[in-house]
Amino acid sequence: MTAPRRPGHPDPFADGDKVLLLDRKGRRYLQSLRTGGEFHFHAGVVAHDDLIGLPEGSWVRSSKGSALRALRPTAADWTVKAPRGAQVVYPKDQAMIVSLADVGPGSVVVEAGAGSGALTSALLRAVGDHGRVISFELRDEHADVAERNVVERFGGHPPNWELRRGDVSDGLAATPCDRLVLDLLEPGVVLAAAAESLRPGGIVCAYTPTVPQVMRLHEVFSSDERWGLAETVETLVRGWHVDGLSVRPNHRMVAHTAFLTTARRLPRDEALK
Ligand SMILES: C[S@@+](CC[C@H](N)C(=O)[O-])C[C@H]1O[C@@H](n2cnc3c(N)ncnc32)[C@H](O)[C@@H]1O
């Protein structure tokens, strides 16, 4: 398996490429091109052979005459279109998690739970070849989905990714890391183990949909001197409608996904008290 070619790759579409087909109403369909393959949808059939050999950005026509634009999928397209077992972290929050937790080339990140592998993929991209991601996932069926999605996305199991099937509470304390990203029901209960796992100066970032979860996190942070600089934010992304003189915010938006709470792991420093 080779890594799927990314948007803007100079070569035309080839057998095995991923392609995103967009119709005139903005509907998006993700396909894996196969010689002799076909894409069936409400507006007819598109032969994969009609796409193979075309440059990215070309139009194709379905058997019923519908026009579709063909592009290679972006990371955001993969997130939205990939099969899922658990609810995924969307691109707006993925980007903020990478930024707030300062995940970069060479970072060693522990993540729980892996869910559908959407955030895992963003973390793997951010840490690069010299970093590592260790993902815990409690439920086998979710771990299977995460593994399939990551393998498909990266064209194989990334050598710097370890998927551990089980409870993060059991393995975390013995897993040294410099970043910890939590997307699970009660992140507060794993913070004792997190303080063992994170190196001083390291960052924890928890993604939690509700206010009580945020409150419980802050209770732990304020009661344990190994944590400091705790902050909570949320990310609101409002699309705009731009059409001639009609330029205004969209009427609808995703108003809430989750709060992002970060904190730094601090050393116990009795001498300076
Ligand atoms: C909302 S999903 C994560 C989605 C993921 N961030 C993504 O973007 O695809 C939460 C996952 O955490 C897992 N989980 C819950 N408690 C856990 C624990 N203690 N240890 C490991 N995984 C856990 C659940 O099984 C579930 O798959």
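**Around the ligand**

User: Which residues come nearest to the ligand in this model?

Analyst: Glu137, His142, Asp167, Val168 and Asp183 come nearest, out of 21 residues around the ligand; a residue counts as near if one of its heavy atoms lies within 4 Å. The model is predicted, with local features needing pLDDT of at least 70 and side-chain atom pairs pLDDT 80 or more, while totals for chains, interfaces and linings use all residues. Numbering runs from 1 along each chain as its sequence is written, and side-chain values use heavy atoms, leaving out hydrogens and water.

User: What makes the pair between His142 and the ligand a polar contact?

Analyst: A polar contact is a pair of N or O atoms within 3.5 Å. A polar side-chain atom of His142 is 2.6 Å from a ligand oxygen atom, so the pair qualifies. Asp183 also has a polar side-chain atom 2.8 Å from a nitrogen atom of the ligand, and a polar backbone atom of Leu138 is 3.1 Å from a ligand nitrogen.

User: How do you know how much of the ligand the protein covers?

Analyst: On its own the ligand has 610 Å² of accessible area, and the protein covers 86% of that. The areas come from the Shrake-Rupley method with a 1.4 Å probe.

User: What makes residues of the shell count as nonpolar, polar or charged?

Analyst: Asp, Glu, Lys and Arg are charged; Ala, Val, Leu, Ile, Met, Phe, Trp, Tyr, Cys and Pro are nonpolar; the others, Gly among them, are polar. By that scheme the shell divides into ten nonpolar, seven polar and four charged residues.

Terms used. Polar contact = N/O pair within 3.5 Å; in protein donor to acceptor, adjacent residues only side chain to side chain.
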